[in-house]
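Q: I am new to reading protein models and would like a close look at one part of this one, with the surroundings filled in carefully afterwards.

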Amino acid sequence: MMQVLNGSLVALVTPMISGGGIDFDALNKLIDWHIQEGTNGIVSVGTTGESATVNFEEHIEVIKHTISYVDGRLPVIAGTGANSTLEALDLTKEAKMIGADYALIVTPYYNKPSQKGLIEHYTKIADSVDIPQILYNVPSRTACDLLPGTSEILSEHKNIVGIKEAVNEEERIKDLIKISLSNESFKIYSGDDPSFLKMLSLGGHGVISVAANVVPKSISSICTFYQNNEVEKAEEINNKLNNLYDLLFIQSNPIPVKWMMYKMGLIQNALRLPLVELDKKYQEILISEMLKLELL
């Protein structure tokens, strides 16, 4: 039985120790905390989980540990994208083998495939691995834009069950919602915290959120209130978080979110090169926002 995927899905950071090893104790604590706070699913080793700097073995090890520790309490979505189709295929096969509920597959970055190339890339993975797969479009990071028309073609594959869309354009979101309305098994998730409530209002199914790393209960509550037609309550919480959403991208994600989590005592202050600690000039601004939100 496939675990249903909607609401607040956290793009979980990968906690590390100084020197760059994985901090599995901190990972366990984060998972327990998310379950207590009402998070609806965990994305393991996506962009926020520093997928670009862990090696293949670590990538699988973190997903495997997450699945094992979650132990069925929530759906686990494995980040398995790569800019090599063969590597993405291998990661997706491994994720299926170790028990991931879903795979989240980012568009190939840096090599700029055409729309035809994207169709072939995703179709090859979907044909080869029988696991529910979610497309992921974030052109600001990948230099590759998966267009709604391409998503529509891919949505016809039984193993492709949704898209995480990080482009904040109302027309595009409406186009994606249309695909979902004509094919109920294809769900639309926001990949953009500042505009996710707008996407829910247009018919989206949830958010894969960076902010949920620091305010899991708030993001989960926004989704729940919205699902229950308590729109004003959802908007009230969301408005309080608007500044936080912006600050989380004051430097490249996950630099700000990891620094905030370190200040909250959730993880050590450790990232992998080429990412480095949050610039000192931004630290006061983040502290002041965290005090306002009672995170410290």
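Which residues are linked in a network of salt bridges?

A: The model shown here is a predicted one, and the network that you ask about is made up of Asp145, Glu165, Glu169 and Arg172. As a general background, side chains of opposite charge can pair when their charged atoms come close. A search of the whole structure finds 14 salt bridges, and a few of the others help to place the network in its setting.

One of these others is formed by Lys198 and Glu170, whose closest N and O atoms are 3.8 Å apart. Lys198 belongs to helix H8, which covers residues 196-202, while Glu170 belongs to helix H7, which covers residues 170-182, and the pair thus links distant parts of the chain, 28 residues apart. Lys198 has a relative accessible area of 34% and is partly exposed, and Glu170, at 34% relative accessibility, counts as partly exposed too.

Another salt bridge is found within helix H7, where Lys178 and Asp175 lie three residues apart, about one turn of the helix. Their side chains meet with an N to O distance of 3.8 Å. Lys178 counts as exposed, because its relative accessibility is 55% and a residue is called exposed when this value is over 50%. Asp175, at 32% relative accessibility, counts as partly exposed.

A further salt bridge, between the side chains of Glu50 and Lys258, has an N to O distance of 2.5 Å. Glu50 lies in the loop between strand S2 (41-44) and H2, whereas Lys258 lies in helix H11 (residues 255-263), so this pair ties together parts that are 208 residues apart in sequence. Both Glu50 and Lys258 are buried.

Glu50 also leads to the pockets of the model. In general, rolling a probe the size of a water molecule over the atoms shows where empty space is left. The largest pocket holds about 540 Å³ of space. It is lined by 28 residues, and those closest to its centre are Thr47, Glu50, Ser51, Ala52 and Tyr109. Two or more lining residues come from each of helix H2 (56-70), helix H3 (85-97), strand S4 (102-106) and helix H5 (139-142). Sorted by character, the lining of the largest pocket has 14 nonpolar residues, 11 polar ones and three charged ones.

The second largest pocket has about 300 Å³ of space. Its lining consists of 20 residues, and Tyr136, Val138, Ala166, Gly191 and Phe249 are the ones that lie nearest its centre. Here the elements that contribute two or more residues are H5 and strand S8 (206-209), and H5 gives the most, with three residues. In this second lining there are 10 nonpolar, six polar and four charged residues.

Tyr136, one of the residues nearest the centre of the second largest pocket, takes part in a contact with a charge as well. The charged end of Lys164 sits over the ring of Tyr136, at 4.0 Å from the centre of that ring.

Some details of the backbone complete the picture. Asn253 and Pro254 are joined by a cis peptide bond, with omega at about 5°, and Pro254 is placed in the loop between helix H10 (231-247) and H11, the helix in which Lys258 lies. Leu273 and Pro274 are likewise joined by a cis peptide bond, with omega at about 15°, and Pro274 is in the loop between H11 and helix H12 (280-292).

There are also residues with a positive phi that are not glycines, among them Asp71, where phi is about 50°. Asp71 is in the loop between H2 and strand S3 (76-79), and its relative accessible area of 61% makes it exposed. Lys112, also not a glycine, has a positive phi of about 50°. The place of Lys112 is the loop between S4 and helix H4 (115-128), and at 58% relative accessibility Lys112 counts as exposed.

To return to the part you asked about, the linked residues are Asp145, Glu165, Glu169 and Arg172.

Terms used: Residues are numbered from 1 along each chain as its sequence is written. This is a predicted model: local features need pLDDT of at least 70, side-chain atom pairs count only at pLDDT 80 or more; totals for chains, interfaces and linings use all residues. Side-chain values use heavy atoms; hydrogens and water are left out. A charge sits over a ring if NZ of Lys or CZ of Arg is within 6 Å of the ring centre and within 35 degrees of the ring normal. On a 1 Å grid over the protein atoms alone, a cavity is a set of points where a 1.4 Å probe fits but cannot get out, and a pocket is an open set with protein on both sides within 12 Å along at least five of seven lines; lining residues have an atom within 4 Å of a point. Grid points are joined across faces, edges and corners, and a volume is the space filled by probe spheres set on the points. Helices (H or I, at least four residues) and strands (E, at least two) are DSSP runs, numbered from the N terminus. Ala, Val, Leu, Ile, Met, Phe, Trp, Tyr, Cys and Pro count as nonpolar, Asp, Glu, Lys and Arg as charged, and the others, Gly among them, as polar. A salt bridge is a side-chain nitrogen of Lys or Arg within 4 Å of a carboxyl oxygen of Asp or Glu. Buried means under 20% relative accessible area, exposed over 50%, partly exposed in between (1.4 Å probe, protein chains only).
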